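Please look at two loops in the model shown below, one after the other. The paragraphs that follow go through each of them in turn.

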Amino acid sequence: MSSNFMGLQTRILSALVAVGSLVAIAFYGGPPGIAVISLGIVMLGCYEFTKIGFPPDEKLPPFLKGLFLGSCFGFIAIAMLLEPIAGLATLALTSMILFSCLLSALHKTVPLEVIRKLSSSLILGLVYTGLLPIFALKLLFLPDGLKWFSLMLVVVFSGDTFAYFVGLCFGKRKLMSSVSPKKTVAGAWGGLLGSGLVAWLAGTYFVDEHSLVLFITGSIASGFFAQFGDLFESLLKRVSGHKDSGSIMPGHGGVLDRLDGIYFASPIFFLVAQYLS
């Protein structure tokens, strides 16, 4: 049995366990249960960022790691319940607190250039692992929130699956080899086709017929940005020298490895879902 087949088998089994767990949580806990579990998963993503998102030549002080994780948790838990303007104000306030603490703690012992690099990584992490997934969580607070949350997962993961198999069968021309050597142009087109096809099939049952074109268009756009989410996470790993962001899902890697597309897709999918709601 080839290593590729065994890897695919592990990947499928791991995904089935994750999907089964989500279905059980949704059945017994409803949207609040999914929101609580999702918040925990997002926090794991924040922790993984501390490994791949900071300058590889600079060791992250333990207090700074705790400050970053605490700030992300506070920001996500509060902003997911607020309206957009109040959420942005919370993001600005959290950023100011992070910068103030960093500068106060390190200005006597660390070169200013290092502080600047750490500041950039902190704000990148706050936006990437804090702000972006909030839009996925806020789907749960819309009317029929569980439906929109599930549709987003189905659209993005279908795009991932189509991209994988189309790339495996027809992929020759590399998409962005310096960032992700295995991604191909054919796989990218296959991913968009998968997102659009599944959106059409799912939208036929779950979306009003007058809104179907907008839903399919928004889903394809979400799939498009999801692919850039995948590439962006690959960029972070390549710069930091890590193969995976974590190991929580056998065959998939860490939270960021599995949800990188969701992070980039969720803002536009939220806008479409909010409009159609």
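**Two loops compared residue by residue**

Leaving aside its neighbours within four places in sequence, P143 is in contact (heavy atoms within 4.5 Å) with W148 and S277. This is a predicted model, in which local features need pLDDT of at least 70 and side-chain atom pairs count only at pLDDT 80 or more, while totals for chains, interfaces and linings use all residues. Residues are numbered from 1 along each chain as its sequence is written, and side-chain values use heavy atoms, with hydrogens and water left out.

P143 is found in the loop between α4 (112-139) and α5 (145-170), where helices are DSSP runs of H or I with at least four residues, numbered from the N terminus. P143 counts as exposed because its relative accessibility is 51%, the classes being buried under 20% relative accessible area, exposed over 50% and partly exposed in between, with a 1.4 Å probe and protein chains only. Although P143 and Q274 are 131 residues apart in sequence, their C-alpha atoms are 8.8 Å apart in space. The loop between α4 and α5 also holds D144, which is exposed with a relative accessible area of 54% and has a phi near 55°, a positive value in a residue other than glycine.

S245, by contrast, is buried, with a relative accessible area of 0%, and has its place in the loop between α7 (212-240) and α8 (255-276). Outside its neighbours within four places in sequence, S245 is in contact with residues including K51, I52, E233, K237 and D257. E48 is also among these contacts, and a polar contact of 2.8 Å joins the side chains of S245 and E48; such a contact is a pair of N or O atoms within 3.5 Å, and within protein one must be able to donate a hydrogen and the other to accept it, while residues adjacent in sequence count only if both atoms are side-chain atoms.

Note on methods. Helix = DSSP H or I, 4+ residues; strand = E, 2+ residues; numbered from the N terminus.
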